[in-house]
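Let's take a friendly walk through this protein chain. Keep the picture beside you as you read.

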Amino acid sequence: MINEEKENSAGNIENGSSKLNQDNKKFQETINVKSVVPKYRQELLKWNGWGYKDCRFEVNAGDVTSISLTGNRYPIAGKNLPHFEGWVKNTFNVDLVNPTLSQALPEEDKYPKTLLIAEELVRIVRLNIPYSLRGVDRMLRAHGQTLHDIFTLRNGMFERIPDIVLWPTCHEEVEKIVELANELNIAILVFGGGTAVSGAVECPVNERRTIISLDTSQMNKILWVDEANLVACIESGIIGQDLERELKALGYTTGHEPDSYEFSSLGGWVATRASGMKKNIYGNIEDLLVHVKMVTSKGVLEKNCQVPRLSCGPDFNHIVLGSEGSLGVITEVILKIRPLPKCTRYGSIVFPNFESGVQTMRQVAKWRCQPASIRLMDNEQFKFGMILKPDAGLIGSLIDILKKLYLTKIKGFEFDKLCVMTLLFEGDEKQVKEQEKRVYDIAGEFGGFPAGETNGERGYMLTFVIAYLRDIALEYRIVAESFETSVPWDRAISLCANVKQRIAQECRDLSIRHFLISCRVTQTYDAGCVIYFYFAFNHGDVSDPVATHHQIESRARDEIIACGGSISHHHGVGKLRTKWYPQTVSEVGVSLYNATKNELDPKIYLRRII
Ligand SMILES: Cc1cc2nc3c(=O)[nH]c(=O)nc-3n(C[C@H](O)[C@H](O)[C@H](O)COP(=O)(O)OP(=O)(O)OC[C@H]3O[C@@H](n4cnc5c(N)ncnc54)[C@H](O)[C@@H]3O)c2cc1C
């Protein structure tokens with residue numbers, strides 16, 4: 001036998017051969033996934049806001065004005081939230097009366113006309129790929145979820161929207177679209193789940209060429225699951241909740257859970273270098289990604305092997321990761337999968353102040369004992385979480401009062417300073433117990449003490465619900481947006497304080513009196529952490545509230561960078577943050593990016609970062 005090669009009964013060469021034997025792997029067949037989100041998204045999702053149409057906060061006028069979440073998709077749905085009104089009044093000086101409602105969905109003749117010319121349409125139709133020229137379908141793919149996007153949908157119209165929407169169903173159809181676009185000088189914007197908060201999918205106003213919106217949603221099969229190597233090959237248009245549901249039925253998970261995972265797509269995650277809340281166990285998208293196929297104007301970029309690591313650089317996976325649709329269309333991804341955890345448990349810890357919470361996180365990261373997720377809310381967010389508590393009844397209210405008394409009178413915590421950490425543990429029972437012990441012990445050293453499983457679970461549930469609040473805020477003249485950054489540990493606390501101060505100063509300068517700036521630490525690493533800010537204000541008489549919000553956020557980003565923070569940890573650059581791209585990657589970095597762009601996409605069909 002030469003080179004240790006031996007033939008098996010099926011005639012395949014097992015070892016030392018270039019022919020890969022896959023008989024010993026257990027492959028699941030292709031799964032045709034029926035997505036929760038239909039092809040015409042507006043049938044299920046809001047056309048002018050976040051999430052499901054049947055889920056929205058509404059005001060219930062009565063003896064006590066309260067709000068509640070409609071529908072039955074989230075645990076707090078249908079429950080009265082009686083503390084909301086008082087908090088809104090205190091924080092924003094807003095009464096929940098006389099809402100400013102959104103305009104109705106525009107009639108077909110109100111959308112910008114398509115620039116598609118007859119010859120282009122004929123050629124596109126010949127591709128035999130489903131398409132739409134309807135204004136509503138084009139408009140719904142002209143935006144993501146920024147404040148600017150949603151404000152425009154509610155009150156006006158985008159100046160430029162795609163001229164046609166195409167729904168390819170596989171890699172080969174994407175190749176055909178890109179080839180045709182190349183030939184006819186047509187621009188392509190790739191649309192995944194449309195949850196971007198970076199302006200990435202907006203059409204450049206001055207683009208006079210025809211723009212195709214390439215919607216990946218119908219390209220959502222799980223092509224195979226390889227149980228021997230714990231990887232799965234998946235088409236890029238699949239959305240998170242569909243992927244996790246299908247894998248769960250087989251006993252697996254990717255463990256990738258960004259807060260948008262109900263609606264965001266695999267291709268979008270790769271294109272934006274997304275981060276999931278359970279990254280401590282499963283890794284960020286770049287850690288999960290084993291192999292990726294991207295269709296470029298020059299052909300398909302992919303590696304011709306599927307190995308766990310390769311000493312052959314530069315690593316072209318990292319050309320694809322974070323490319324934000326500017327270099328090509330991601331069509332298929334091989335991701336790592338893991339068996340479902342045997343035990344999942346939530347937890348929470350109360351700290352006397354933000355600093356002690358951050359110190360705890362730092363120690364937890366130092367000793368690498370992070371549970372699947374660990375997050376720290378500042379005092380403003382803690383209070384905000386409280387006002388989202390349903391009516392607890394007499395007994396419940398009494399218990400809440402006793403808890404507050406215990407914290408303030410016995411523990412000596414100041415109600416206006418205390419902070420809460422939420423925790424999510426995963427593993428087997430023994431591992432979870434060990435993790436709990438280590439984390440609670442460390443927290444104890446910094447004055448924190450456990451505050452129960454229910455508070456922890458509620459914290460994670462609220463993450464999904466909070467996204468719905470901006471829509472009701474807009475009805476009452478409050479503009480709101482979140483932004484995030486990553487920062488070394490030793491600068492984390494000062495960055496939070498300085499950004500808050502800077503925003504307060506900017507608001508004062510602009511005579512904005514009623515605003516909220518709040519933050520939480522959402523991820524930990526060996527060398528630093530991630531800070532996520534919420535900033536909202538009552539725009540009262542401000543003539544252009546979106547531009548004003550953008551201006552203040554932009555100054556906050558300058559402050560972040562001055563404090564050693566980054567342009568973005570996971571939201572990406574998009575069009576909103578291009579200003580800081582050169583200083584982030586250096587002049588040489590910009591020219592390297594541009595050279596790559598010119599090489600892979602010489603006629604600049606897809607958008608560019610800078
Ligand atoms: C409420 C909310 C919570 C969020 N939470 C998180 C979070 O926890 N973690 C996180 O990382 N992000 C988060 N985000 C941001 C957003 O969800 C992510 O950036 C996500 O990865 C975008 O995926 P998508 O499918 O929606 O992409 P889209 O919005 O459709 O597109 C985003 C960018 O990716 C490009 N793109 C999409 N698909 C492809 C493809 N197949 N090939 C090439 N380019 C493509 C687009 O052209 C665009 O540039 C959140 C957003 C919201 C609104």
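## How confident is the model?

This is a predicted model, and its protein chain has an average pLDDT of 92. A score of at least 70 is reached by 93% of the residues.

Where should you read with more care? Look at residues 1-21, where pLDDT stays under 50. For this stretch the model has 25 contacts beyond four places in sequence.

## A sheet of seven strands

Now find the open sheet, built from seven strands with antiparallel pairing. Going across, their order is 18-15-17-16-20-21-19. Strands in a sheet are paired through backbone hydrogen bonds, in either a parallel or an antiparallel way.

Which strands stand at the edges? They are strand 18 (449-450) and strand 19 (478-488); each has a single partner strand, so one side of each is left without a neighbour in the sheet. Strand 18 runs antiparallel to strand 15 (residues 343-351), and two bridges join them. Here you can spot Ile-349 opposite Pro-450 of strand 18.

## A helix on the sheet

Helix 12 (residues 379-387) packs on this sheet. The helix touches strand 16 (373-377), strand 17 (419-427), strand 20 (515-524) and strand 21 (528-538). Compare directions, and helix 12 makes about 100 degrees with strand 20.

## A strand covered on both faces

Earlier in the chain, strand 2 (residues 57-60) pairs with strand 3 in the antiparallel sense over four bridges. In this pair, Asn-60 stands opposite Ser-66 in strand 3.

Are the residues on the two faces of strand 3 (residues 66-69) buried or exposed? Ser-66 and Ser-68 on one side are buried, and so are Ile-67 and Leu-69 on the other, leaving both faces covered.

How values were computed. Residues are numbered from 1 along each chain as its sequence is written. This is a predicted model: local features need pLDDT of at least 70, side-chain atom pairs count only at pLDDT 80 or more; totals for chains, interfaces and linings use all residues. Side-chain values use heavy atoms; hydrogens and water are left out. pLDDT is the predictor's confidence in each residue, from 0 to 100. Contact means heavy atoms within 4.5 Å. Two strands pair if DSSP finds at least two bridges between them. Axes are lines fitted to C-alpha atoms, for helices over the stretch in contact, and angles run from 0 to 180 degrees between N-to-C directions. Buried means under 20% relative accessible area, exposed over 50%, partly exposed in between (1.4 Å probe, protein chains only).
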